[in-house]
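Thank you for making time this morning. I would like to walk you through one structure, and I will ask you to keep it in view while I talk.

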Amino acid sequence: RENNAPYEARYWLLTWYGNGGPGSFDGVYEEVVNWRFKLASLMTLKNVAIGGSHESYEWILGESRYCLVPKGMGYWTHRLYEVLIAGCIPVIL
């Protein structure tokens with residue numbers, strides 16, 4: 001995409017934003033939230049962006065080198081397609 005930074009110029013080393021993040025407390029996604037909640041331990045690392053929904057999500061992906069792709073509610077997750085379009089290297093969990 002046109003707003004993706006060149007790979008060598010990307011600020012974020014590792015990124016993941018979405019429902020079930022450290023700021024999410026909904027019971028609907030309880031199984032997924034439980035293990036995704038563990039991602040919060042990475043939040044303090046330098047150049048790591050992890051959290052709940054974010055209004056600049058697409059821009060952040062385009063500024064990231066590696067993007068986490070955790071399990072979705074079913075057998076697939078749209079996150080994989082989003083990170084590939086952003087030119088981010090997917091880390092499938």
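Is isoleucine 89 buried, partly exposed or exposed, and what is its relative accessible area? Before I answer, please bear in mind that this is a predicted model. Isoleucine 89 has a relative accessible area of 35%, and because buried would require under 20% and exposed over 50%, the residue counts as partly exposed.

As for its place in the fold, isoleucine 89 lies in strand β4, and it also contributes to a nonpolar patch on the surface, which it forms with Leu13 and Tyr66. Taken together, the residues of that patch have about 240 Å² of accessible area.

Let me turn from that residue to the sheet. There are 4 strands in an open sheet, and reading across it the order is β2-β1-β3-β4, with parallel pairing. At the edges we find β2, covering 48–51, and β4, covering 89–92, each of which pairs on one side only. From one strand to the next, the twist averages 20°. As general background, the strands of a sheet pair through backbone hydrogen bonds, and the pairing may be parallel or antiparallel.

If you look at one of these pairings in detail, strand β1, residues 12–17, runs parallel to β2 and is joined to it by 4 bridges. Within this part of the sheet, tryptophan 16 is positioned opposite isoleucine 50, which belongs to β2.

Now to helix α3, which spans residues 79–85. How many salt bridges does the model contain? The count comes to 1, and the partners are the side chains of arginine 79 and glutamate 82, with a distance of 3.3 Å from N to O. That separation satisfies the criterion because a salt bridge needs the nitrogen within 4 Å of a carboxyl oxygen. Along the helix, the two residues are 3 positions apart, so about one helical turn separates them. Their surroundings deserve a careful look as well: arginine 79 is buried, at 12% relative accessible area, whereas glutamate 82 is partly exposed, at 24%.

Finally, leucine 84 is also placed in helix α3, and with a relative accessibility of 48% it counts as partly exposed. If you measure from C-alpha to C-alpha, leucine 84 is 9.2 Å from cysteine 67, although 17 residues separate the pair in sequence.

That is where I will stop, and I am happy to go back to any part of it.

Technical notes: Residues numbered from 1 in each chain as written. Predicted model: local features only at pLDDT ≥ 70, side-chain atom pairs only at ≥ 80, totals over all residues. Heavy atoms only, no water. Buried < 20%, exposed > 50% of the residue type's maximum accessible area, 1.4 Å probe, protein only. Pairing = 2+ DSSP bridges. Axes fitted to C-alpha atoms, helices over the stretch in contact; angles between N-to-C directions. Patch = residues over 30% accessible without salt bridge, like charges linked within 9 Å, V, L, I, M, F, W, Y side chains within 5 Å. Areas by Shrake-Rupley, 256 points an atom, 1.4 Å probe, with all protein chains shown as cover.
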